[in-house]
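Q: Please examine one part of this model closely, and then place that part in its surroundings. A formal account for a bench biochemist is wanted.
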Amino acid sequence: IIENAVYEREEAIAITGFSLSTLIRAEKSGELKGRNIGRRRYYLGADLLKWLQGDENGDGRKGREWKKR
């Protein structure tokens, strides 16, 4: 994943190996940021990398492990 690249939703699915429903769930929970341009959904490479590393807070902690459920 290239940090400064922009990926369409299908590309993000292919390079991360996650399903569409997983990407949507991550967006709804605030773990992954997606952007719309017209009717298409895009993701920044930097946002995908942060999400895959579990560091959506930007503080070095694994965000999924630290969240209260």
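How many aromatic pairs does the structure hold?

A: The model is predicted: local features require a pLDDT of at least 70, side-chain atom pairs count only at pLDDT 80 or more, and totals for chains, interfaces and linings use all residues. Residues are numbered from 1 along each chain as its sequence is written, and side-chain values use heavy atoms, without hydrogens or water.

The structure holds one aromatic pair, where pairing requires ring centres of Phe, Tyr or Trp (its six-membered ring) within 6.5 Å. The partners are Phe 18 and Trp 51, whose ring centres are 5.1 Å apart; their planes meet at 55°, so the pair is tilted, a class lying between stacked (under 30 degrees) and edge-to-face (over 60). Phe 18 belongs to the loop between α1 and α2, whereas Trp 51 belongs to helix α3, so the pair ties together parts 33 residues apart in sequence. Helices (H or I, at least four residues) and strands (E, at least two) are DSSP runs numbered from the N terminus.

The two partners differ in their burial. Phe 18 is partly exposed, at 34% relative accessible area, while Trp 51 is buried, at 3%; buried means under 20%, exposed over 50% and partly exposed in between, with a 1.4 Å probe and protein chains only. Across the chain of 69 residues, 32% are buried.

Trp 51 is also one of the ten residues of the largest nonpolar core, together with Ala 5, Tyr 7, Ala 12, Ile 13, Leu 23, Ala 26, Leu 32, Tyr 43 and Leu 48. Such a core consists of buried Ala, Val, Leu, Ile, Met, Phe, Trp, Tyr and Cys residues joined through side-chain atoms within 4.5 Å. At least two of the core residues come from each of α1 (9–16), α2 (20–28) and α3 (45–53). Apart from neighbours within four places in sequence, Ala 26 touches Glu 31, Leu 32 and Trp 51, contact meaning heavy atoms within 4.5 Å.

The helix that carries Trp 51 also meets the sheet. α3 lies across β1, β2 and β3 and runs at about 70° to β3; axes are lines fitted to C-alpha atoms, for helices over the stretch in contact, and angles run from 0 to 180 degrees between N-to-C directions. The sheet itself is open, with three strands in the order β1-β3-β2 and antiparallel pairing, where two strands pair if DSSP finds at least two bridges between them. β1 (6–8) and β2 (35–37) occupy the edges with a single partner strand each, so one side of each has no neighbour in the sheet. From one strand to the next the twist averages 40°. β1 pairs with β3 (residues 40–44) in the antiparallel sense over three bridges, and the core residue Tyr 7 has Tyr 43 as its bridge partner in β3.

Charged side chains provide further links: the whole structure contains four salt bridges, each a side-chain nitrogen of Lys or Arg within 4 Å of a carboxyl oxygen of Asp or Glu. Arg 40 and Glu 8 form one of them, at 3.2 Å from N to O. This pair joins strand β3, which holds Arg 40, to strand β1, which holds Glu 8, across 32 residues. Arg 40 is partly exposed at 49% relative accessibility, and Glu 8 is partly exposed at 30%.

Another salt bridge, between Glu 27 and Arg 41, spans 2.3 Å from N to O. Glu 27 is in helix α2 and Arg 41 in strand β3, so this pair ties together parts 14 residues apart in sequence. Glu 27 is buried, with a relative accessible area of 16%.

Helix α3 takes part as well, through a salt bridge between Asp 47 and Arg 35 (2.7 Å, N to O). Here Asp 47 in α3 is linked to Arg 35 in strand β2, twelve residues apart. Asp 47 is buried at 14% relative accessible area, whereas Arg 35 is partly exposed at 28%. Salt bridges with shared partners also join Arg 9, Glu 27 and Arg 41 into one network.

Gly 34, in the loop between α2 and β2, is in contact with Glu 27, Arg 41, Tyr 42 and Tyr 43 when neighbours within four places in sequence are set aside. Gly 34 is buried, at 16% relative accessibility.
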